[in-house]
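Here is a friendly walk through one protein chain and the links that hold its parts to one another. Take a moment to look over the sequence and the fold, then read on.

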Amino acid sequence: MDSPRLSRRLLRSVLPALALALATAGLAGTGGPAAADAAPMAQAAASATTTFSDEFDGPAGAAVDSGKWQIETGDNVNNHERQYYTSGNKNAALDGQGHLVITARKENPANYQCWYGTCQYTSARLNTSGKFSQAYGHVEARMKIPRGQGMWPAFWMLGTDLGQVGWPNSGEIDVMENVGFEPSTVHGTLHGPGYSGSGGIGAGYTLPGGQAFADAFHTFAVDWAPDSITWSVDGNVYQRRTPADTGGNPWVFNKPFFLILNLAVGGYWPGDPDGGTPFPGQLVVDHVRVTTGDSPGGTGGRITGLAGKCVDVAGAATANGTPVQLYDCNGTAAQRWTVGADGTIRALGKCLDVASGGTADGTRVQLWDCNGTAAQKWAVSGARDIVNPQANKCLDVTGNNSANGTPLQIWTCAGTANQKWTVNG
């Protein structure tokens, strides 16, 4: 992003680097019951192991789980932010309805001192350093951000070697940042040696029709693999970065990182609040989840079937309704699929979908925004069938035709070769 942003390093202390780097799990069918019998079907979750999850369940007013998060305190001169980050549940507390609420207030109840003098605002910042870190996988948070000039919510990550190599050599992955003067846009950015601060490598995602991110919850995610990071909002991929994007500078993202959530007030990039900024401002977090394999466009593998050909997104297009077809295996992102713990099968940041939620033989399958409907739920059996349980029908190559471009559909499970698939095979 083009901003004069400086380091967002830890404020008070940096814990030693952790050695946790969790390998991506694979999924391969091995002997089992016939696929046409829906009861014995195992949901295909083996390729997406949940390694971190916080649903923020608990009584209203409770602090976050100290086994998962630590609370940072103090100010941040590096970005000229205006808030003082407080401890405990003063500015970060559960709401009793399954959310974490980080609240920015225009106040100074304890005569906090900031880099500019007496602090004018309080807020909160949480991280998982020393408690959780991971290399690669799917990292997401579902949140509703505050509105107003000077508000700066963020969900981001830092390399666990921060204490040894410093910032920006540690690397920084900004999953989501918003500055209040852009209510419809969020940013995803990489910072590293030679591309930090205003030279960070990133892009923005803007909601259509003038919608504001403060109006509703949205899911912000990265899918992270060796030498590849892909950003999405609500399943819509908007950028992918590789070492080719660093201008010859080191790619420092093939190692464990830890998570950070915070709500800053003011600073070089967002500017200070003004008379129209509403206080208190709240960043409401529904969940934070990390898996090792649910990686649309990232760490997925191929799905092979008839004549050894691959399940393929036509033209590698990401538009809703893009046909899914059989094609020669070529290793492209259009053929990298991940089977999620939620029963979805994803590529290019979107879900394998039965058109219009149909259940009739011959209903085509397509790529569509992930929406949690039964049209996007799949089960993989040991007999190598991929079944849509709503229809109780199998993923099928139309007409048993192995030609490139043959569309895929659902059909009554028959155990035939055009319904047999090897996931990540």
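C114 and C119 are both buried in this predicted model. The two cysteines are joined by a disulfide, with an S to S distance of 1.9 Å. The link of C114 and C119 is right-handed, with 110 degrees about the S-S bond.

How many disulfides does a search of the whole structure find? There are four. If you number the bonded cysteines in sequence order, they pair as 1-2, 3-4, 5-6, 7-8.

The table sets out three of these links.

| Disulfide | S to S distance | Angle about the S-S bond |
|---|---|---|
| C114 and C119 | 1.9 Å | 110 degrees, right-handed |
| C310 and C329 | 2.1 Å | 100 degrees, right-handed |
| C394 and C413 | 2.1 Å | 105 degrees, right-handed |

Let us take the C310 and C329 pair next. These cysteines form a disulfide with their sulfur atoms 2.1 Å apart. C310 lies in strand β22 and C329 in the loop between β23 and β24, so the disulfide ties together parts that are 19 residues apart in sequence. Is each partner buried or partly exposed? C310 counts as buried because its relative accessible area is 0%, while C329 is partly exposed, with a relative accessible area of 29%.

Now for C394 and C413, whose sulfur atoms are 2.1 Å apart in their disulfide. This pair links distant parts of the chain, as C394 sits in strand β30 (residues 393-397) and C413 in the loop between β31 (408-411) and β32 (422-423), 19 residues apart. Both C394 and C413 are buried.

**Strands around the C310 link**

Strand β22, the home of C310, is a good place to look at strand pairing. β22 (residues 310-313) runs antiparallel to β23 (residues 322-327), and four bridges join them. Which residue of β23 is the bridge partner of V311? It is L326.

β23 also has a second neighbor to look for. Two bridges join β23 to strand β27 (residues 365-368), and these two strands run antiparallel. Here P323 stands opposite Q366 in β27.

**Salt bridges**

Side chains of opposite charge can pair when their charged atoms come close. In this model the count of salt bridges comes to eleven, and three of them are described here.

One salt bridge belongs to the same neighborhood of the sequence as the strands above. K309 pairs with D328, and their closest N and O atoms are 3.5 Å apart. K309 lies in the loop between β21 (303-304) and β22, and D328 in the loop between β23 and β24 (338-339), so this salt bridge ties together parts that are 19 residues apart in sequence. The partners can be compared by how much of each is accessible. K309 has a relative accessible area of 15%, so it is buried. D328, with a relative accessible area of 37%, is partly exposed.

Another salt bridge joins D369 and K350, with the closest N and O atoms 3.1 Å apart. Where do the two residues lie? D369 is in the loop between β27 and β28 (379-380) and K350 is in strand β26 (residues 350-354), so the pair ties together parts that are 19 residues apart in sequence. D369 and K350 are both buried.

The third example is formed by the side chains of D215 and R147, at 2.6 Å from N to O. This pair links distant parts of the chain: D215 is in the loop between β15 (201-206) and β16 (218-225), R147 is in the loop between β11 (137-144) and β12 (151-159), and they are 68 residues apart. R147 is partly exposed, with a relative accessible area of 42%.

**The whole chain**

Finally, step back to see the chain as a whole. The protein chain has one helix and 32 strands. Of its 425 residues, 56% are buried. Among contacts with a separation of 6 or more, 70% are between residues 24 or more positions apart. The chain exposes about 15000 Å², and carbon and sulfur atoms supply 50% of that area.

Technical notes: Residues are numbered from 1 along each chain as its sequence is written. This is a predicted model: local features need pLDDT of at least 70, side-chain atom pairs count only at pLDDT 80 or more; totals for chains, interfaces and linings use all residues. Side-chain values use heavy atoms; hydrogens and water are left out. Buried means under 20% relative accessible area, exposed over 50%, partly exposed in between (1.4 Å probe, protein chains only). Contact means heavy atoms within 4.5 Å. Accessible areas come from the Shrake-Rupley method with a 1.4 Å probe; for residues, only the protein chains shown count as cover. Two strands pair if DSSP finds at least two bridges between them. A salt bridge is a side-chain nitrogen of Lys or Arg within 4 Å of a carboxyl oxygen of Asp or Glu. A disulfide is a pair of cysteine sulfur atoms within 2.5 Å.
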